[in-house]
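Reader: I am new to this structure and would be grateful for a close look at one part of it, followed by an account of how that part sits among the rest.

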Amino acid sequence: MEQLAERAWRPHQACEDYLSEFRHCRSFRNHFHHYYTYGTAPSCQQWKEDYHNCRKWESHKLAEAKDALQKSERRRLEEQKNFTPVWKLRQAPPGDWHRPLD
Amino acid sequence: IPIMTYVSHTPPFVFHHVFSKVYKDRHFSCEDCDGTVSGGFDAATSQIVLCQNNIHQQAHMNRVVTHELIHAFDHCRAHVDWFNNFRHLACSEIRAANLSGDCSFTNEVSRFNFGLKAHHQQCVRDRAVRSILAVRKVSQEEAQKIVDEVFDSCFKDHAPFGRIPHGNKDAKFAYREYMNRDRYYANL
């Protein structure tokens, strides 16, 4: 039963989406924007690896491929949060957001 | 030109991310403004002000709406003390300059700011300082100091895009990521 659930796991996006991210990352336009923003070339290899792992999982259900993909996505998520916020996040939107104007 | 036309040209997912829903009749106001100001976000009334006398091109309008929506987004998702906390103000201005296209290569060139290597960051710093000076009575040095203090943190905060959208493709991919998010978190 557990094995069934394991094998039912799907990556959060289609494998082709990883490939399109890789291609976009490697494009001249993206290189230009990355250099203009950071002064360095972008690193795109991870998208390619994720694509291959995605395909390995979809075709052969290899556990290592799934683990590698999940690890990569978690790392990507952590990178996005890799800063100390200057403000406190809200639990709910501001109460007066829809307050009628006079 | 009716506001709805302008609004429909902005990336639609930005509206969805402001988890307080945005209604054009309530949250947008077209006004005549002083000087060369293009727009603003009024936290007291929860309104985005668009300066109809200073915006003459669609591309400019798109950029201003995106810029102000980022302020609105910050207002909705965080306790931003716009009036008393200059670090908060600076942070939102850094994010708005960073993520709205204000500092694109083309826009900078049109301002005769010719820079390439990591110039985007310099532009974001400068425009954040300018934005602070436009709304608060502080000195240039003070504004610069506050921007420098919070820059590293705020420049990295790419919410809600997950990346700096440099063009339509970036925006499209960011939207795709957003649409996949429920499946995303379930699968990690």
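Reader: Are Phe151(B) and Phe155(B) buried or exposed? Please begin there and then describe the surroundings.

Author: The model is a predicted one. In it, Phe151(B) and Phe155(B) are both buried. The two residues belong to helix H8 of chain B, where they lie 4 residues apart, about one turn of the helix. Their ring centres are 5.0 Å apart and their planes stand at 20 degrees; planes under 30 degrees apart count as stacked, so this pair is stacked.

Helix H8 of chain B also carries charged residues that pair through their side chains. Lys145(B) and Glu149(B) both lie in this helix, 4 residues apart, which again is about one turn. The two side chains meet in a salt bridge, with N and O 3.5 Å apart. Glu149(B) has a further partner in Arg87(B), with which its side chain forms a salt bridge at 2.8 Å, N to O. Since Glu149(B) lies in helix H8 and Arg87(B) in helix H5 of chain B, this second bridge ties together parts that are 62 residues apart in sequence. As for exposure, Glu149(B) has a relative accessible area of 44% and is therefore partly exposed. Arg87(B) is likewise partly exposed, at 36%. Lys145(B), at 55% relative accessibility, counts as exposed.

Salt bridges also join residues of the two chains. Glu21(A) forms one with Arg176(B), the closest N and O atoms being 3.9 Å apart. Through shared partners, salt bridges link Asp17(A), Glu21(A), Arg163(B), Arg176(B) and Glu177(B) into one network. Across the interface of chain B and chain A, 3 salt bridges are found, and 22 residue pairs are in polar contact between the two chains. Several elements of chain B give two or more residues to the side that touches chain A, among them helix H5 (86-99), helix H8 (140-156) and helix H9 (168-179). The residues on that side divide into 23 nonpolar, 20 polar and 16 charged.

The extent of this interface may be stated in two ways. Chain B contributes 59 residues to the contact and chain A contributes 39 residues. Together the chains bury about 4500 Å², of which 56% is on carbon and sulfur atoms. Aromatic residues of both chains come together as well: Phe32(A), Tyr36(A) and Phe105(B) form one aromatic cluster.

Chain A offers further examples of aromatic and charged pairing. Over all chains, the whole structure holds 9 aromatic pairs. One of them joins Tyr18(A) and Trp47(A), whose rings are 6.3 Å apart from centre to centre, with 45 degrees between the planes, a tilted arrangement. This pair links distant parts of the chain: Tyr18(A) is in helix H2 (residues 15-26) of chain A and Trp47(A) in helix H4 (residues 45-60) of chain A, 29 residues apart. Both Tyr18(A) and Trp47(A) are buried.

Helix H4 of chain A takes part in a charged pair too. The whole structure has 17 salt bridges over all chains, and one of these is formed by Asp50(A) and Arg76(A), whose closest N and O atoms are 2.8 Å apart. Because Asp50(A) lies in helix H4 and Arg76(A) in helix H5 (residues 63-80) of chain A, the pair ties together parts that are 26 residues apart in sequence. Buried means under 20% relative accessible area, so Asp50(A), at 0%, is buried. By that cut-off Arg76(A), at 19%, is buried also.

A last residue of chain A shows a polar link to the backbone. Asn30(A) is placed in helix H3 (residues 28-38) of chain A. With a relative accessible area of 13%, Asn30(A) is buried. Its side chain reaches the backbone oxygen of Cys25(A) at 2.8 Å. Leaving aside neighbours within four places in sequence, Asn30(A) is in contact with His24(A), Cys25(A) and Pro42(A).

To return to the opening question, Phe151(B) and Phe155(B) are buried, and the helix that holds them, helix H8 of chain B, is also among the elements that give two or more residues to the side of chain B that touches chain A.

Note on methods
Residues numbered from 1 in each chain as written. Chains lettered and ligands numbered in written order. Predicted model: local features only at pLDDT ≥ 70, side-chain atom pairs only at ≥ 80, totals over all residues. Heavy atoms only, no water. Contact = heavy atoms within 4.5 Å. Buried area = accessible area lost by both parts, 1.4 Å probe. Salt bridge = Lys/Arg side-chain N within 4 Å of Asp/Glu carboxyl O. Polar contact = N/O pair within 3.5 Å; in protein donor to acceptor, adjacent residues only side chain to side chain. Nonpolar A, V, L, I, M, F, W, Y, C, P; charged D, E, K, R; others polar. Phe/Tyr/Trp six-rings, centres within 6.5 Å; stacked < 30°, edge-to-face > 60°. Buried < 20%, exposed > 50% of the residue type's maximum accessible area, 1.4 Å probe, protein only.
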